[in-house]
Each structure stands twice: as structure tokens, then as C-alpha cells.
Amino acid sequence: MRRINGTALIIAALVATVGALAFPVWSYTDRSGTGQANLAAGTVNTRWGPLTASDRDLIVRVRLAGLWELPAGQQAMERAPSEAIKEAADHLIVGHTDLDKRVRIVAAQLGVELPNQPNEQQQGWLQEMTAATGAEYEYKFVNLLRSAHGKIFPAIGAVRNSTRNTLVRQLASDANQTVLDHITVLEKTGKVDFDAIANDSVSGSTASPTGPPPPVPGQPVPSAPAAGPSGDIRTTSRPSPGAPGTVNTSRPDPVDSEGVLQ
């Protein structure tokens, strides 16, 4: 009887040990729990505010974007198939050189390790562009880059909205300006395949679209009244500068407190 009890105790101890080891893995990988629990998973405190897994993911994605878009822009500048492509390439080089400087400073301040080469998918995109020539090269250059920018655009907004870290919030604002500028100048080439981008964006979606009913050809709709403040309201701010179809990317240099740029 004592032997049985001793064996039972050993088995119970082993089960408890396995359970204790498995619990942290389950608690992190199970994303079906409460929103607060998911938010806390992987969050660390910094003097600039909590740093979440989503914050760190954005920092890495900003770095990765520059690692493949800079060589893509340089290649297009060297080939210079048209002035429109050359202009887009110029914006890629200038924008990501600046953004990479900023993300390296932020990563150093927050202790986030950055990759030093593009990921496998991005390397594949570069290889596609390198192998293409003529009209095919222009198409691939514009649409691969336009699609990539379009996909990270909402991700930047989501992090900008939810982050409690001031450094990440500023990086998201800087990245937003750069990405919108690049989207604008790539579309300016006139070579964006919007049908392909639209089809790609809804390929994984099953929800029915919402919104007002489709317009009836030939049937006029009432004009919307102007929206504005009521009463005697005095304002001092002005709309962002820049002609339609342009993005103001002027911003102050980052503060390199960690000496990253030395």
C-alpha cells in the first residue's frame, strides 16, 4: 500500500510539473482570451510608456521596409526607365533613409533588436524586379511597392491609435507621412493596377460590404450642406500645406540620445 501511495505521489508531482511548464506557453499563445490579457502579453515598461508586442512589431516592420525599398529605389534610379519612375525612386531613397535613421534611434532607446536584411518575401520581390525589363520592370516596381505600402498603412494607424509609448507614437506618425508620400508618388506614375490591389485586399474577406445604396444612373442626388462650426468661433490653425496630390514630409531631426548615428 505504501509503494502504491509513493508511486501515486511521484506521478502527481510529475503531472503538476508538466502543467506548470505548459501553462506559460498556453497563456501566451492562446489569443482567444480577454482583450486586456492579450494586451498585457509580452508588454514591458519603459520610461516612455508600456512597450507592447504590437509596438515592437511595428518598429521591426519599419526597419524591414527600408531594407528592401532602399535598394529597390536605388535600382530604379540607376535604370531610370522614365522620369515618373525616377521620381518615385527618389522619394523611396530619401524617405527611407530618413525613416531608417529614426527607427534605429527608437529601437536603441527601447532595447528592440532590429534585422539587418530583408525578409524572405522582400528578397523575392527584389529578385522579381531585378529579373524584369522594360514595361514589365516598371509594372513590378510600381505595383510591388504600392501593394506593400498599402498593407502597412492601416497597421501603422492601428498602432498609432493604441500605443501608450510616446516614442512608438512619434515613429508611427513619421512612418505614416513617409508611407503616404510613397503611395502618392507611386500612384502618380499612372502604372498602379488598382483592380489587382482591390482584388487582393478582399481575397480573404467574407463579410458583406456596408454603406449607402449604389447610385442610380441619371438620377441626381441632393447636395450635402457645408459642415462647419456654429456661432462665433475663432480659429487660428490652417490646413496642412502642400498642393493636392502632395504630402508634406518636413519634420525636425530626431534626438539621438543613444549616439546611434555617431
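Select Lys86 first, in helix H4. This is a predicted model. Is Lys86 buried, partly exposed or exposed? Its relative accessibility is 32%, so Lys86 counts as partly exposed. Now show what surrounds Lys86. Leaving out residues up to four places away in sequence, Lys86 touches Met77 and Ala80. Add Gln75 and draw a C-alpha distance to Lys86: the two atoms are 9.8 Å apart, with these positions eleven residues apart along the chain.

Stay on H4, which spans residues 83–110. Select His96, also in this helix. How large is the relative accessible area of His96? The value is 2%; the cut-off for buried is under 20%, so His96 is buried. Which residues does His96 touch, beyond those up to four places away in sequence? Colour them: Ala65, Gly66, Glu69, Leu70, His91, His149 and His182. Keep Glu69 and His149 displayed, as both return at the next stop: Glu69 on the H3 side and His149 on the H6 side of a helix contact.

Next, select helix H3, residues 53–79, and helix H6, residues 134–162. Their axes come within 11 Å and cross at roughly 160°. An angle over 145 degrees counts as roughly antiparallel, so H3 is roughly antiparallel to H6. The crossing of H3 past H6 is left-handed. On H3, show the contact residues Ser54, Asp55, Leu58, Arg61, Trp68, Glu69, Ala72, Gly73, Gln75, Ala76 and Arg79. On H6, their counterparts are Tyr137, Phe141, Leu144, Leu145, Ala148, His149, Lys151, Ile152, Ala155, Ile156 and Val159. Colour this contact by residue class: 13 are nonpolar, four polar and five charged.

Keep H6 and add helix H7, residues 166–188. Here the axes lie 9 Å apart, at an angle of about 150°. H6 is therefore roughly antiparallel to H7. H6 passes H7 in a left-handed crossing. Which residues of H6 meet H7? Select Phe141, Val142, Leu145, Arg146, His149, Gly150, Ile152, Phe153, Ile156, Val159 and Arg160. From H7, add Val168, Arg169, Ala172, Ser173, Ala175, Asn176, Val179, Leu180, His182, Ile183, Leu186 and Glu187. By class, the contact of H6 with H7 holds 14 nonpolar, five polar and four charged residues. His182 of H7 is in this contact, and His182 is also one of the residues that His96 touches.

Move to Trp48. Where does Trp48 sit? Trp48 is in the loop between helix H2 (35–40) and H3. Its relative accessible area is 17%, so Trp48 is buried. Show its contacts, leaving aside neighbours within four places in sequence: Gln109, Leu110, Arg164, Asn165, Thr166 and Leu167. Draw the C-alpha distance from Trp48 to Leu110: 8.5 Å, for residues 62 apart along the chain.

Finally, zoom out and colour by secondary structure. How many helices and strands does the protein have? Eight helices and zero strands. Along the sequence the pattern reads α-α-α-α-α-α-α-α. Of the 262 residues, 29% are buried. Switch on the surface: the accessible area comes to about 17,000 Å², with 57% of it belonging to carbon and sulfur atoms. A contact map would be the last view. Among contacts with a separation of 6 or more, 77% join residues 24 or more positions apart.

Technical notes: Residues numbered from 1 in each chain as written. Predicted model: local features only at pLDDT ≥ 70, side-chain atom pairs only at ≥ 80, totals over all residues. Heavy atoms only, no water. Helix = DSSP H or I, 4+ residues; strand = E, 2+ residues; numbered from the N terminus. Buried < 20%, exposed > 50% of the residue type's maximum accessible area, 1.4 Å probe, protein only. Contact = heavy atoms within 4.5 Å. Areas by Shrake-Rupley, 256 points an atom, 1.4 Å probe, with all protein chains shown as cover. Axes fitted to C-alpha atoms, helices over the stretch in contact; angles between N-to-C directions. Parallel < 35°, antiparallel > 145°, perpendicular 65-115°, else oblique. Left-handed = near helix turned anticlockwise from the far one by under 90°. Nonpolar A, V, L, I, M, F, W, Y, C, P; charged D, E, K, R; others polar.
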